[in-house]
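User: Hey, I'm new to this one. Can you walk me through its charged pairs?
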Amino acid sequence: MTQQSADSPVPRRPAPPTGWRRNVARFPVHMFRAGLGPLFRGRLLLLVHTGRTSGQPRRTAVEVVESATVDGRRSWTVASGYGSAADWYRNLLRTPQATVQIGRRFHAVTAAELSAGEGGELMVRYAPRHPRVARRLCSYLGFTVDGSAEGYRSVGESIPFVRLTEGAPARRGDR
């Protein structure tokens, strides 16, 4: 096994949690299912997606990096901190139709992978809004950042981001 240097452009990401750490990481999923989603105040969402092999519904709580409304359609952007090997990320690439729960409300969404450039710009906007979380996240993922916009842009370019966009709003005549 090779050791990666601290200044490597693509650090080795930590393995997804197993055992008791997995149970702790999945705690927000149980909170959403118990109706306690509003406690996250929009910072986390529950993603209900289709398993690429099983075809069964899967649930994952992920942090919202950015939310927006464009042309009357809400969207939430999330990041795959464990990279492109994360199951939920791979499932969305296979079947982009999913459901998100924000608080107690459910929204049918379609997932779209963002480009590396868009990911970089997202991190540049995210870091000043949540400076401590951004530093800790980068450190946990093995990145060294100096706090500059360029440093966060570089990190964002190597993290896969997904935009979850709500279905087109119903028109008055369609109801």
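User: So how many salt bridges does a search of the whole structure find?
Analyst: The search turns up 5 salt bridges. A salt bridge here is a side-chain nitrogen of Lys or Arg within 4 Å of a carboxyl oxygen of Asp or Glu. Keep in mind that this is a predicted model, where local features need pLDDT of at least 70, side-chain atom pairs count only at pLDDT 80 or more, and totals for chains, interfaces and linings use all residues. Residues are numbered from 1 along each chain as its sequence is written, and side-chain values use heavy atoms, with hydrogens and water left out.
User: Okay, what does arginine 125 form a salt bridge with?
Analyst: Glutamate 66, with the closest N and O atoms 2.8 Å apart. That pair links distant parts of the chain, 59 residues apart: arginine 125 is in helix α4 (residues 116–129) and glutamate 66 in strand β2 (residues 57–70). Helices (H or I, at least four residues) and strands (E, at least two) are DSSP runs, numbered from the N terminus.
User: And glutamate 66, buried or exposed?
Analyst: Buried, at 16% relative accessibility. Arginine 125 is partly exposed at 38%. The cut-offs are under 20% relative accessible area for buried, over 50% for exposed, and partly exposed in between (1.4 Å probe, protein chains only).
User: Switching topic: which residues are linked in a network of salt bridges?
Analyst: Glu121, Glu150 and Arg153. Glutamate 121 pairs with arginine 153 at 2.7 Å between the closest N and O atoms, joining helix α4 to helix α6 (residues 149–157). Glutamate 150 meets arginine 153 at 2.3 Å, N to O.
User: How far apart are glutamate 150 and arginine 153 in helix α6?
Analyst: They sit 3 residues apart, so about one helical turn separates them. Glutamate 150 is exposed at 52%, while arginine 153 is buried at 19%.
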